[in-house]
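This report describes a single protein chain, taking its confidence, one buried proline, its salt bridges, a pocket and two backbone angles in turn.

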Amino acid sequence: MQKITITAPTLNEALQEVKKRFGEDVAIERTEEINNQVRVTVALFDGEEPILVPSLRKAEKNRIDNPLSAIRMVEEICTEHYLGQDFQDFWLKCLSPYLTLTGINIAESLSECLNFEPQWIRKILCLKPVVFLGSFGVGKTQILAKVAALLKASDRAVEIYNIDTIKTSGQGLLQAYANKLDVPYHFGKEGWKTLQENIKNQTDVIKLIDTQGVNLRNSEDLNWLLAYSQKLIFDPVLIVPCDGCVSLSPDYANFIKKFGVRHIILSKLDVAGSLSLPIRLAWASEVPIAMVNGSPNLSENLQYLNASKLLNALTGAEIVDAENDAVSRGGY
C-alpha cells in the first residue's frame, strides 16, 4: 500500500485530481485544510486488494463505509437535482471531516449545509400574526389550513384571516376549512379591521393570515404587501414550490431579505422533478425549512423535515421514515 497527498484550492478539485490520476481503487485516509488549501491523503492498493465501491442507492440509513462512495453520492445528488457547483463544493467541505470515520453519515453533513426547524409549530407565538406568502398557486391556503389543524390538535386557540380578495375560489375554500376546524374566519377589509382590533385585545390566540399570490419579478405587484408590512408586524412564512424554476432563486432571495422571511415550507414535493430551487434558496438565505407539504388533503397533515428525510427524497426514497412521525399523524 502506498500513501500519496494531493493539494488543491478546494476539496472537490482535489478529489477530481485523485480520480483522474488513480481511478477509484484508492482509500481516503485524511482530509485537512492548510493555508487555504485542501490536502487529501490517499492510499493506493496493489495486487488483489482493490477497494470495491458499493452501490450508492442501497446504502442503509444514509451510512456508507467507503469515502469515495460518499463523495460520489454527493456529486450524483448535486448533478441530478441541479444544485450547482457552489453548493456541491460547500457540501463536500462539510462532508470532509466525516470521511475518516467508520460508517459515514451523509445526512449529518447535509444538516450542516441547511437549517431545519422541526419544532416550528410548537414555537409559534401569539404576539405576531403568521403571514403565509408565496407566488400564485403554490398552496398557501391548504398549508395554512394544515397549520391551523395542527395547532388545534395541540389545544391552541386559532383564528384565520383571509386578505386575498382576488382569488374568489380561495375565499370559499379557506372558509370551508375554517368551518371544518371550528375556528373563527375573517375576510377582506372587514377582516383586516378585525385583525387590527384583535391584535390589541387578544393575548392567547394565534392569528394565521392568507394572502394573495405575488409575482416575485414584478416590484409593483408587491406594493400591497409593502403597505401591509408598514402597518403590521408579522412573522412571514414563505411557501416554496419544489417544482419551481431555479432561475427564480435570486428573486426569492431578494423577497426573503426584503420582508424578513423567518421560515420556509416546501410544497408540491409529490410532483417535483428536482429540489434545486428550495435547497439552493434555503442554503443561500440560511432561512430554516420548517415543514413540507406532502399532500393537498387536509387530513394528511404537514410533515417536519430533517436532513435524513431530505436525503431520502433526494435519492428517491420515501420522505417519511418508517418510525412514528408525530406531525404527519397530527400528534403535535
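A residue counts as buried when its relative accessible area is under 20%, as exposed when that area is over 50%, and as partly exposed in between. The model discussed here is predicted.

**A buried proline**

P129 has a relative accessible area of 3%, and P129 is therefore buried, the limit being under 20%. This proline sits in the loop that runs between α5 (120-123) and β6 (130-133). When neighbours within four places in sequence are left aside, the contacts of P129 are L195, I199, K207, I209, L232, I233, F234 and D235. One further distance concerns I160, which is 31 residues away from P129 along the chain; the C-alpha atoms of P129 and I160 are 9.9 Å apart.

**Salt bridges**

There are six salt bridges in the structure. Three of them are listed below.

| Pair | Closest N to O distance | Relative accessible area |
|---|---|---|
| D86 and R280 | 3.7 Å | D86 40%, R280 25% |
| D235 and K128 | 3.3 Å | D235 18%, K128 30% |
| K193 and E190 | 4.0 Å | K193 46%, E190 54% |

The salt bridge of D86 with R280 joins distant parts of the chain, with D86 in helix α3 and R280 in helix α11 (residues 276-285), 194 residues apart. D86 is partly exposed at 40%, and R280 is partly exposed at 25%.

The salt bridge between D235 and K128 also links distant parts of the chain, 107 residues apart. D235 belongs to strand β10 (residues 235-241), whereas K128 is in the loop between α5 and β6, the loop in which P129 lies. D235 is among the contacts of P129 as well. D235 counts as buried, because its relative accessibility is 18% and the limit is under 20%. K128, at 30%, is partly exposed. These two residues also belong to a network of salt bridges that links K128, D235 and R262.

The pair K193 and E190 is local: both residues lie in helix α8 (residues 188-201), three residues apart, which is about one turn of the helix. K193 is partly exposed at 46%. E190 counts as exposed, because its relative accessibility is 54% and the limit for that class is over 50%.

**The second largest pocket**

The second largest pocket has a volume of about 220 Å³. Its lining is made up of 13 residues, and T10, L11, E33, V38 and K93 are the ones that lie nearest its centre. Elements that contribute two or more residues to this lining are α1 (11-22), β2 (26-34) and α3 (85-95). By class, the lining residues comprise four nonpolar, five polar and four charged.

**Confidence**

The mean pLDDT of the chain is 80, with 81% of its residues at 70 or more. Confidence is lowest in β2, where the mean is 68, and highest in α3, where it is 94. Both β2 and α3 give residues to the lining of the second largest pocket. In two stretches the pLDDT is below 50: residues 48-61 and residues 320-332. Beyond near neighbours in sequence, residues 48-61 have 22 contacts in the model, and residues 320-332 have 34. Where pLDDT is low, the predicted coordinates should not be read in detail.

**Positive phi angles**

Most residues other than glycine have a negative phi. Y82 has a positive phi of about 55 degrees, although Y82 is not a glycine. Y82 is placed in the loop between α2 (67-80) and α3. With a relative accessible area of 58%, Y82 is exposed.

D182 likewise has a positive phi, near 60 degrees, and is a residue other than glycine. D182 is placed in the loop between α7 (168-181) and β8 (185-187). With a relative accessible area of 61%, D182 is exposed.

How values were computed: Residues numbered from 1 in each chain as written. Predicted model: local features only at pLDDT ≥ 70, side-chain atom pairs only at ≥ 80, totals over all residues. Heavy atoms only, no water. Helix = DSSP H or I, 4+ residues; strand = E, 2+ residues; numbered from the N terminus. Buried < 20%, exposed > 50% of the residue type's maximum accessible area, 1.4 Å probe, protein only. Contact = heavy atoms within 4.5 Å. 1 Å grid on protein atoms, 1.4 Å probe; cavity = no way out; pocket = protein on both sides within 12 Å on 5 of 7 lines; lining within 4 Å. Points joined across faces, edges and corners; volume = space filled by probe spheres on them. Nonpolar A, V, L, I, M, F, W, Y, C, P; charged D, E, K, R; others polar. pLDDT = per-residue confidence, 0-100. Salt bridge = Lys/Arg side-chain N within 4 Å of Asp/Glu carboxyl O.
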